[in-house]
Amino acid sequence: MKLTSKHITQKERLKSAVDSGGSSVEKIIQKKRKSDEESQTQQACIKWFQHQFPQYNFLLFAIPNGTNAGGKRIKYKGKEIPLAAIKAKKEGLKSGVADLFISLPHLGFEEKHGLYIEMKKKGEDQDPNQILFQKAVEDKGYQYSICRSLDEFIKVINNYLQPF
C-alpha cells in the first residue's frame with residue numbers, strides 16, 4: 001500500500017497520541033470535521049435514551065442520510081463521488097430525511113404515529129429539503145422536532161413519551 005500524505009498525517013497523530021500517553025480518539029484526531037459537533041450531540045442523545053428507556057432501545061434509530069461515505073470513488077458529472085453514496089441513493093436514500101426516528105405512537109391529547117428528530121448544530125437552520133420533509137411527515141400525523149443540544153433532546157423525548 002502506498003502511503004499518501006493523509007496516511008502519514010494520521011500515522012503522525014497516532015504516534016503523537018501514544019507518545020503523550022493517551023489512547024483516546026479525541027487525542028488521535030486533532031482536526032474535527034464540521035459535522036463532529038452535531039455527531040457528538042447525537043451520540044450523547046442516543047446514550048442518554050438507551051440508559052433512560054432501555055425497554056424502547058430498538059425503537060429509536062438513526063437514519064444515516066448525512067453520512068460521508070468513504071471507499072472507492074468514481075467520477076460523475078465532473079465530481080468525485082463515493083460509490084457507496086450512489087448505491088445508497090439507488091437503495092432509497094433521500095435528502096432531507098430527519099436524523100432519528102422513534103417508532104412509538106404518542107397517545108396523548110394530540111395523537112402522533114411516531115417522532116422524527118432532526119439534529120442541528122447551534123445556529124444552524126434546516127435546508128429546503130428538510131423543511132419539505134418536516135411538512136410531509138407532520139401532514140401524515142407524525143411529530144417532528146429539531147434538537148440542538150442534549151437538553152433539548154431530553155425535553156422533547158420526555159414530553160413525547162409522557163403518557164407511557
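Colleague: Which residue follows α5, and what is its phi near?
Modeller: α5 is followed by G141, whose phi is positive, near 95 degrees. Helices here are DSSP runs of H or I with at least four residues, strands are E runs of at least two, and both are numbered from the N terminus. This is a predicted model, with local features needing pLDDT of at least 70 and side-chain atom pairs 80 or more, while totals for chains, interfaces and linings use all residues. Numbering starts from 1 along each chain as its sequence is written, and side-chain values use heavy atoms, without hydrogens or water.

Colleague: What happens at the start of α5?
Modeller: A side-chain oxygen of D127 comes to within 3.0 Å of the backbone nitrogen of N129.

Colleague: Which residues of α5 are buried?
Modeller: Q130, F133, Q134 and V137 (buried is under 20% relative accessible area, exposed over 50%, partly exposed in between, 1.4 Å probe, protein chains only). Seen down the helix axis, they fall within an arc of 100 degrees, so they line one face of α5; the arc is taken from the axis to the C-beta atoms.

Colleague: And which are exposed on the other side?
Modeller: P128, L132, K135 and D139.

Colleague: What covers the buried ones?
Modeller: The cover includes β5 and β6 (contact is heavy atoms within 4.5 Å).

Colleague: Switching to the sheet, what is the strand order?
Modeller: Four strands form an open, mixed sheet, ordered β1-β4-β5-β6. β1 (60-62) and β6 (143-147) are the edges, each pairing on one side only. Pairing needs at least two DSSP bridges.

Colleague: How many bridges join β1 to β4?
Modeller: Three, and these strands run antiparallel. A62 has L100 in β4 as its bridge partner.

Conventions
Polar contact = N/O pair within 3.5 Å; in protein donor to acceptor, adjacent residues only side chain to side chain.
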